[in-house]
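Please work through the exercises below with the sequence and the model side by side, trying each task before reading its solution.

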Amino acid sequence: MTNKPTYILFDDVLRDKSLRRYLDICIKEIQEGNAHKSRTRAKAGYPSWPCFRVEGKEILVSSVLEYYLYDLHCNGFVSKSAEEFTDKMRTLCGWNWDVDRVLKNWIDKVIINPFFYDESDSEYEHKWVLKPEEPGYTLSEEQLKFACFIAVCFTKYGASFDKSFTKEIFDLVTALGSKLPAQIKKNGSGSIPKEIAECKTEKFSCIANDAFATIKISVKDECEEIYSKILDYLCNLLEFGFSHSYSIEFKGKNKIYLPIKKLPKKGVNQLFANAISYPKLHDKIERYAKLAMKEFEWYLNLDGEYSAMPGSFAVFALGLYDEKYHKLACDYLSLCDGEHQSIQGEFVLAYIEKFGFTEKGLELYKLCKANIQELPKKLIALYNKFIMKNSCKGA
């Protein structure tokens with residue numbers, strides 16, 4: 001290619017110190033809330049990339065975050081500064097290639113490459129072992145703290161498979177002698193106020209850990225008031241910005257489950273089977289379902305044939321209780337990832353067995369059929385029987 005790109009890369013800044021002023025101006029604008037993301041001008045042989053424009057110069061988004069973290073290292077690394085700027089970048093540019101890749105590279109350069117080698121032969125599953133020779137320096141507590149911040153970010157904002165990277169980072173930091181991961185595992189990152197992360201009385205307990213996207217709930221006294229508070233707790237947690245994929249671990253005295261035969265008999269099933277028995281709580285269950293439903297997100301302690309989008313059990317409970325929640329059920333069936341979960345077919349089967357192929361039942365059937373790998377055989381048989389019966393009536 002004869003045409004060279006005109007945008008500024010991080011490596012350009014390392015070679016030419018005069019370019020730093022443009023990065024410094026850009027960082028100031030981001031911190032003050034005056035920056036606007038744009039795209040590089042189209043140029044033959046080079047695609048258009050997300051960028052910032054400063055005095056006519058185009059600076060790639062990823063280069064700004066790289067430069068900021070590099071500059072911190074040169075001038076005394078402070079985790080709080082790095083965390084705050086990373087959050088501003090994520091808010092402005094999204095959690096995507098220009099942010100998460102830079103943070104992954106930071107872990108590689110600062111944590112892994114100087115201190116570890118990989119004993120595994122796998123490209124994807126690493127077995128990091130401390131190098132026998134030391135690099136001649138140790139990492140500061142501030143650097144290790146930022147590594148843990150990155151770990152939590154991959155759980156909060158990344159895809160469900162990114163949770164493994166969170167664990168990997170915590171293992172690395174622990175191997176370097178830090179107690180931070182153990183503290184975070186026990187208490188969370190500290191970014192969620194305690195009054196939102198925890199709700200405890202003598203009758204029930206709710207504790208969330210954002211670092212591992214876990215919500216633990218236990219109930220000692222089964223009553224409407226307790227389940228009302230639990231549903232409020234879940235909604236407040238999600239509204240605050242808890243991870244979209246998470247696990248709910250529930251323990252209660254009433255060992256009842258939703259009347260859907262092939263659903264997993266897990267705590268989250270038990271939770272909504274109990275909550276649905278209180279009609280005054282149905283609006284709160286619906287509120288939770290709407291907050292929880294996110295495409296390509298999952299309950300992390302359910303997998304394989306039981307994989308389920310958050311909100312699934314709340315929708316199933318309401319949908320089987322009353323047809324007035326038909327729109328919610330339709331929204332759910334349209335949104336869930338039909339390539340990777342199939343339990344929605346069991347819900348529709350239970351619905352048809354209860355209400356029949358009404359106009360609403362037929363709509364649920366068609367939506368489910370359009371968004372699932374394979375319908376339950378019994379559901380197909382019931383539908384064929386319904387079609388044949390109505391054909392005979394028409395004849």
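The exercises that follow go from the whole chain to single residues, a pair of helices and two pockets.

This is a predicted model, in which local features need pLDDT of at least 70 and side-chain atom pairs count only at pLDDT 80 or more, while totals for chains, interfaces and linings use all residues. Residues are numbered from 1 along each chain as its sequence is written, and side-chain values use heavy atoms, with hydrogens and water left out.

**Exercise 1. The whole chain**

Describe the secondary structure, extent and burial of the protein chain.

Solution. Begin with the secondary structure, which comes to 17 helices and nine strands; helices (H or I, at least four residues) and strands (E, at least two) are DSSP runs, numbered from the N terminus. Next, take the box along the principal axes, which for the C-alpha atoms is roughly 80 × 55 × 45 Å. Then turn to burial: of the 395 residues in the chain, 47% are buried, where buried means under 20% relative accessible area, exposed over 50% and partly exposed in between (1.4 Å probe, protein chains only). Finally, consider contacts, meaning heavy atoms within 4.5 Å: among those with a separation of 6 or more, 64% join residues 24 or more positions apart.

**Exercise 2. Glu 58**

Work out which element holds Glu 58, and which side chain makes a polar contact with the side chain of Glu 58.

Solution. Locate the residue in strand S3, which covers residues 57-60. Its relative accessible area is 2%, and therefore Glu 58 counts as buried. The side chain of Glu 58 makes a polar contact with the side chain of Arg 53, at 3.2 Å; such a contact is a pair of N or O atoms within 3.5 Å, where within protein one must be able to donate a hydrogen and the other to accept it, and residues adjacent in sequence count only if both atoms are side-chain atoms. Not counting residues up to four places away in sequence, Glu 58 touches, among others, Thr 6, Tyr 7, Ile 8, Arg 39 and Arg 41.

**Exercise 3. Helix H10 and the loop after it**

Check the span of helix H10 against its expected value, then place Ser 243 and its polar contacts.

Solution. The expected span of a helix is 1.5 Å times one less than its number of residues, so the 17 residues of H10 (residues 224-240) should span 24 Å, and the end C-alpha atoms, 24 Å apart, agree with this. The buried residues of H10 include Ile 226, Tyr 227, Leu 234 and Leu 238. Just after the helix, Gly 241 has a positive phi of about 120 degrees. Ser 243 lies in the loop between H10 and strand S9 (247-251), and it is buried, with a relative accessible area of 1%. A polar atom of the Ser 243 side chain lies 3.0 Å from the backbone oxygen of Thr 155, and one lies 2.6 Å from the backbone oxygen of Ser 245. Among the residues that Ser 243 touches, not counting those up to four places away in sequence, are Lys 156, Lys 163 and Leu 238.

**Exercise 4. Helix H11 and Ser 312**

Explain why helix H11 is described as largely enclosed, and find the contacts of Ser 312.

Solution. Count the buried residues of H11 (residues 267-275): nine of the nine are buried, so the helix is largely enclosed by the rest of the structure. These buried residues pack against strand S8 (214-219), H10, S9, helix H12 (282-292) and H13. Ser 312 belongs to H13, residues 312-321, and has 0% relative accessibility, so it counts as buried. Leaving aside neighbours within four places in sequence, Ser 312 is in contact with Tyr 299, Tyr 332 and Gln 341.

**Exercise 5. The two pockets**

Determine which helix gives the most to the lining of the largest pocket, and which gives the largest share to the lining of the second largest pocket.Solution. On a 1 Å grid over the protein atoms alone, a pocket is an open set of points where a 1.4 Å probe fits, with protein on both sides within 12 Å along at least five of seven lines, and lining residues have an atom within 4 Å of a point. The largest pocket holds about 500 Å³ of space, a volume being the space filled by probe spheres set on the points, which are joined across faces, edges and corners. Of its 18 lining residues, Tyr 124, His 126, Trp 128, Phe 165 and Glu 168 lie nearest the centre. H7 gives the most to this lining, with six residues. The second largest pocket has a volume of about 350 Å³ and is lined by 19 residues. H6 supplies the largest share of that lining, six residues.
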